[in-house]
Amino acid sequence: MKKGSLILAVLLLMSLIGTSVGEETTMERLPDEVLMTYYNDTAFVGDSLIRMFRNYVKDRQKKEPNFFKGIKFYSSYSYQLRTAALEWVNPDKSNLVYKGSDEVLCKIMKDQKPARLFILAGLNDNFAREVNGVEGIDRGMRAVTKIMELMEKYSPTTQVYFFSMTPVTQKVENKRHIREKWDEYNAQLEKTCQELGAVYVDIATPLKDENGLLPKSISNDNEYHLNDKGNAIWAQALLDFAQAQYEAGQWTPAGYAQ
Amino acid sequence: MVKKLIAICLLILSVFALSACGNQPKEAETPAYTEVPPAERMALSDLVSSVIPDAGDLVSFDEEDLTDILGIEPEEYTEFVYLQENGLSGREILALRAVDADAAGRIAQRLENYLEQRRKETRNYAPEAYQLLAAAKVETKNLTVALVSGENAAQERAQLLAGE
């Protein structure tokens, strides 16, 4: 009996030790309003997707004044990644507008010097095909490299982030067959970001359905653009990203010593 | 005889009294328009809400956006409203009360430039938005400058500026 009790106690003790060893320690999920402070002193730059996300954020701020309030948005409808890589304004391009005039990304950042810069562009560059013998993805990575060079020159203290290319709907896929190409592009973008000291932010995955496409239900044009539901997913992805940065020790919000 | 004389005198007096009534001086003409002193004008945001039926549904931009996007500085105006539809429709309202005539002139130029940039970015990308923006105008009355883009832009702009 005594031996049996002893064995039972040892087994119980071992199971308790096993549980605590096998259990991962997880950090607390920060409140959304704290996670949003990751985006204080931040610029979001890009095409019509950024423009519509800006309007979504402004709309939410009617009832939630602190909703991503630290972000400044700069956008143009047909903005290209290759335009973001220019050092001087090309008037024939769809340019960003800053203080009433066309302006290039690097000069805006030189003036603003945000702590973080997030870029979403590439949709209008047609990186799905080869141009002048240069493969689309290569053209994209050349633009990314140039942007990093310009940011180093004009605003070296700004951390640069590149959003993944976002998915398209079935309607667009039927016409253009670009889903795989853009998955390839995103994989290469992630690799290039690591090489150049930029940060890759995957917002494609949370927007995709089981077929790897943008569902009609979260698109406002059944092509590329997001409706409020889609933009809400994007906003959630930003919060999740900030949480991941916190857990990785890359960021400590005020009042949360790690 | 005396009675007759008295009656005639009374008759003459009556005639004089009646003719005097017809010679009243004209009332001073009221002017067709009376300028409302600034203190009595409706706040611009309230005016826009009363004239623009969908104002509450539009996205509102702040002072920083006015500077960052249009290059209009806060010291140039006393009030502003900057609204845009949350989508690609081209529906937009910008109204500012400038501090003086020079500032009104600069603001009007900035709005013209902005309108041109919006037309350029929508021309091939969002044809329906381009249609609205192509028909939009910037108009100034006294110190108030307005840009309205929408299906009833001309009427809304006229109503906004009517009392300015």
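Here is a walk through a predicted model with chains A and B.

Let's begin with chain B. How many helices and strands does it have? Chain B holds six helices and five strands. If you follow the sequence from one end to the other, they come in the pattern α-α-β-α-β-β-α-α-β-β-α. Of the 164 residues in chain B, 34% count as buried. The chain also brings together residues that sit far along the sequence from one another: take the contacts between residues at least 6 apart in sequence, and 52% of them join residues at least 24 apart.

Now find the sheet in chain B. Its five strands make an open sheet, and going across you meet them in the order β1-β2-β3-β5-β4, with antiparallel pairing. The edges are β1 (59-60) and β4 (137-141) of chain B, each of which pairs on one side only. What holds such strands together? In general, the strands of a sheet pair through backbone hydrogen bonds, and they can be parallel or antiparallel. For a closer look, pick β4(B) and strand β5 (residues 144-149) of chain B, which are joined in the antiparallel sense over five bridges. In this pair, B:Thr140 stands opposite B:Val145 in β5(B).

Next, look at helix α4 (residues 101-122) of chain B. Here you can do a small check yourself: at 1.5 Å a residue, its 22 residues should span 32 Å, and the C-alpha atoms at its ends are indeed 32 Å apart, so the two values agree. Parts of this helix are tucked away, too: the buried residues of α4(B) include B:Ala103, B:Ile107, B:Leu111 and B:Tyr114. Some charged ones are on that list as well, among them B:Arg110, B:Lys120 and B:Glu121.

Over to chain A. Strand β1 (residues 42-46) of chain A is joined to β2(A) by five bridges, and these two strands run parallel. One matched pair is A:Val45 and its bridge partner in β2(A), A:Tyr74. Add helix α3 (residues 48-60) of chain A to the two strands and you have a right-handed β-α-β unit. Is strand β2 (residues 71-75) of chain A enclosed or open? Four of its five residues are buried, so the strand is largely enclosed by the rest of the structure.

Not everything in chain A is hidden. A:Leu6 lies in helix α1 (residues 2-22) of chain A. This residue counts as exposed because it has 10 C-beta neighbours inside 10 Å, and the cut-off for exposed is 12 or fewer. A:Leu6 is also 64 Å from A:Pro114, C-alpha to C-alpha, with their positions 108 residues apart in sequence.

So where do the chains meet? The contact takes 15 residues from chain A and 19 residues from chain B. On the chain A side, α3 and β3 (96-98) each give two or more residues, and α3(A) gives the most, with four. That side of chain A divides into four nonpolar, six polar and five charged residues.

Finally, look inside. In soluble globular proteins, nonpolar side chains tend to be buried together. In this model the largest nonpolar core has 99 residues, and those with the most contacts inside it include A:Val45, B:Ala95 and B:Ile107. Helix α6 (residues 136-154) of chain A gives the most to this core, with seven residues. As for B:Ala95, the residues it touches include B:Leu44, B:Val48, B:Phe80 and B:Leu160, leaving aside those up to four places away in sequence.

Methods
Residues are numbered from 1 along each chain as its sequence is written. Chains are lettered from A and ligands numbered from 1 in the order in which they are written. This is a predicted model: local features need pLDDT of at least 70, side-chain atom pairs count only at pLDDT 80 or more; totals for chains, interfaces and linings use all residues. The expected span of a helix is 1.5 Å times one less than its number of residues. A residue is buried if 20 or more other C-beta atoms lie within 10 Å of its own, exposed if 12 or fewer, and partly exposed in between; C-beta atoms are placed from the backbone. Two strands pair if DSSP finds at least two bridges between them. A crossover is right-handed if, with the strands pointing away from the viewer, the path from the first strand over the helix to the second runs clockwise. Two residues are in contact if their C-beta atoms, placed from the backbone, lie within 7 Å. A nonpolar core is a set of buried Ala, Val, Leu, Ile, Met, Phe, Trp, Tyr and Cys residues joined through C-beta atoms within 7 Å.
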